[in-house]
Amino acid sequence: MIQRFIELGEGYSDIYELLELARLNRERIHRLIRLDTTIGNNEKTSLAMVLEPAAPGKLMPIYICREGVTNPDVTPNQRYDLFSEMAEELDLTIHSLSVKDSKQFKEDELYYQYLIGILRMNRYIPPLQ
């Protein structure tokens with residue numbers, strides 16, 4: 001199984017797209033994830049959704065809005081509230097992790113490989129088969 005990040009962006013439109021993808025793919029949702037990090041002095045959160053592979057595919061997509069939300073534990077905000085409300089509406093749990101920020105990696109691909117390793121290690125996504 002291939003696990004790949006699909007980056008949506010950081011704005012409201014991107015959050016709305018993530019929410020709509022979740023509602024339309026309710027049966028395929030494997031996990032909702034919140035990734036907290038610190039960039040400089042700013043506490044940021046990435047919101048992600050892992051989907052089960054489409055039949056007969058072997059791709060497990062991970063849709064992400066990377067570091068575009070202020071950490072809701074520091075400053076409550078509407079972007080995270082929308083994600084949280086959607087999770088409640090779909091009766092899903094948001095799983096949280098603290099991770100390094102993407103600025104510590106020279107390439108986005110290296111950052112996403114790091115995140116895949118973290119998600120596998122915490123058993124949020126399955127290992128390669």
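## A buried arginine

Let's start with one residue: Arg 66 is buried, at a relative accessible area of 11%. The cut-off for that label is under 20%. Keep in mind that we're looking at a predicted model.

What does Arg 66 meet in a salt bridge? Its partner is the side chain of Glu 7, with 3.2 Å from N to O. Arg 66 belongs to strand 4 and Glu 7 to strand 1 (residues 2–7), so this pair ties together parts that sit 59 residues apart in sequence. Glu 7 isn't hidden in the way its partner is: with 34% relative accessibility, Glu 7 counts as partly exposed. There's a third member to add, since Glu 7, Arg 66 and Asp 108 are linked in a network of salt bridges.

## Another arginine, two partners

The structure holds five salt bridges, and Arg 34 takes part in some of them. One joins Arg 34 to Asp 36, where the closest N and O atoms are 2.9 Å apart. Both Arg 34 and Asp 36 are buried; for Arg 34 the relative accessibility is 7%.

Arg 34 also forms a salt bridge with Asp 73, and here the closest N and O atoms are 2.7 Å apart. This pair links distant parts of the chain: Arg 34 is in strand 2, while Asp 73 is in the loop between strand 4 and helix 2 (78–89), 39 residues away. Is Asp 73 buried or exposed? Its relative accessibility is 62%, so Asp 73 counts as exposed.

## The sheet

Now zoom out to the strands. In what order do the five strands form the open sheet? They go 1-4-3-2-5, and the pairing is mixed. Strand 1 and strand 5 (94–98) are at the edges with a single partner strand each, so one side of each has no neighbour in the sheet. From one strand to the next, the twist averages 25°.

Strand 3 (residues 42–51) is a good one to look at closely. Seven of its 10 residues are buried, so strand 3 is largely enclosed by the rest of the structure. It runs antiparallel to strand 2 (residues 29–39), and 10 bridges join the two. Our friend Arg 34 turns up here again, opposite Leu 47 of strand 3. Strands 2 and 3 make a hairpin with two residues between them, and Gly 40 in the turn has a positive phi of about 65°.

Strand 3 also pairs with strand 4 (residues 59–70), again in the antiparallel sense, over six bridges. Among the residues facing each other there, Met 49 is opposite Tyr 63, and Ala 48 is opposite Ile 64.

## Two helices on the sheet

Helix 1 packs on the sheet, where it touches strand 2, strand 3 and strand 4, and its direction makes about 145° with that of strand 4. Helix 2 lies across strands 2, 3, 4 and 5, running at about 160° to strand 2.

How do the helices sit relative to each other? The axes of helix 1 (residues 12–24) and helix 2 come within 10 Å and cross at roughly 5°. Angles under 35 degrees count as roughly parallel, and the two helices are therefore roughly parallel to each other. Residues that meet include Tyr 12, Ile 15 and Leu 19 from helix 1, and Leu 82, Phe 83 and Met 86 from helix 2.

## What the record says

An unreviewed UniProt entry carries the annotation "domain: DUF7147", which covers residues 1–125. That span is 31% helix and 35% strand, and its end C-alpha atoms lie 10 Å apart.

Methods
Residues numbered from 1 in each chain as written. Predicted model: local features only at pLDDT ≥ 70, side-chain atom pairs only at ≥ 80, totals over all residues. Heavy atoms only, no water. Buried < 20%, exposed > 50% of the residue type's maximum accessible area, 1.4 Å probe, protein only. Helix = DSSP H or I, 4+ residues; strand = E, 2+ residues; numbered from the N terminus. Pairing = 2+ DSSP bridges. Salt bridge = Lys/Arg side-chain N within 4 Å of Asp/Glu carboxyl O. UniProt positions renumbered as here; feature names shortened; annotations may be inferred. Axes fitted to C-alpha atoms, helices over the stretch in contact; angles between N-to-C directions. Parallel < 35°, antiparallel > 145°, perpendicular 65-115°, else oblique. Contact = heavy atoms within 4.5 Å.
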